[in-house]
Structure formats: structure tokens, C-alpha cells
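Welcome! Please work through the exercises below with the structure open beside you, and try each task before reading its solution.

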Amino acid sequence: ESEWDRLPNAADVVLLEGWCLGFSPLMEEEIRDPSLGPVNTYLEGDYRTLHRTMEAWVVIQIDSPKIVYRWREQAEAAMRAEGRPAMTPE
């Protein structure tokens with residue numbers, strides 16, 4: 001934290017991007033995929049705390065979830081091109 005840049009005044013707007021921002025946890029019986037349990041745990045704890053600090057949400061809706069996979073593959077391809085570890089297209 002000592003190396004973080006500091007603003008001279010409070011920010012009017014802070015933009016955050018994240019997969020789970022704005023989502024609420026599910027009831028245990030609603031979880032159909034057991035691998036989502038850890039995500040639900042975060043939504044019940046850390047994310048709930050973060051969400052309480054938000055005054056408003058802006059959601060950018062995309063036409064199709066396929067776009068997300070295309071964006072992710074573009075990012076992974078860039079990492080592979082730089083010789084960094086990355087997921088394969090499969």
C-alpha cells in the first residue's frame with residue numbers, strides 16, 4: 001500500500017470490472033454445479049461486504065455469451081505470443 005498512487009481528493013466515480021460484481025449468493029439448494037460452491041462462498045462474504053459500499057451499478061450487456069469466450073481467447077493468445085503461460089483454445 002505504501003507504493004500505491006494517492007488521489008489528492010476523493011474520486012467521484014470508481015470503475016471496477018469483475019465476474020462476480022453485482023451478483024447475489026444462491027441458497028445452497030439452488031446450486032446445481034458443485035464447482036460453484038466456492039464462488040457462492042465469496043458472494044456470501046467478501047463480495048457482499050464490497051457490494052454494500054456501492055451506491056450504484058452499471059451493467060454492460062452483451063449480445064451473446066460467445067463474445068466473452070472470444071475476448072478471453074484474444075487475451076490468452078496475446079499471453080501465448082509473449083511466451084507467458086496461457087490456456088489453450090480448447
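A residue counts as buried under 20% relative accessible area and as exposed over 50%, with partly exposed in between. Keep in mind that this model is predicted.

**Exercise 1.** Find how many salt bridges the structure holds.

*Solution.* Start with the general idea: side chains of opposite charge can pair when their charged atoms come close. The cut-off is a side-chain nitrogen of Lys or Arg within 4 Å of a carboxyl oxygen of Asp or Glu. Counting such pairs gives 3 salt bridges.

**Exercise 2.** Work out how Arg 72 and Glu 76 are placed, and decide whether each is buried, exposed or partly exposed.

*Solution.* Step one: the two side chains form a salt bridge, with N to O at 3.0 Å. Step two: both belong to helix α3 (residues 66–81), and because they lie 4 residues apart there, about one helical turn separates them. Step three: Glu 76 has 6% relative accessibility, so it is buried. Arg 72, at 37%, is partly exposed.

**Exercise 3.** Give the N to O distance between Arg 80 and Glu 73, then classify both residues.

*Solution.* First, the salt bridge joining these side chains has an N to O distance of 2.4 Å. Next, Arg 80 has a relative accessible area of 31%, which makes it partly exposed. Finally, Glu 73 is partly exposed too, at 27%.

**Exercise 4.** Which residue forms a salt bridge with Arg 84, and how accessible is each partner?

*Solution.* The partner is Glu 82, with the closest N and O atoms 2.7 Å apart. Arg 84 is partly exposed at 44%, while Glu 82 is exposed at 54%.

Note on methods
Residues numbered from 1 in each chain as written. Predicted model: local features only at pLDDT ≥ 70, side-chain atom pairs only at ≥ 80, totals over all residues. Heavy atoms only, no water. Helix = DSSP H or I, 4+ residues; strand = E, 2+ residues; numbered from the N terminus. Buried < 20%, exposed > 50% of the residue type's maximum accessible area, 1.4 Å probe, protein only.
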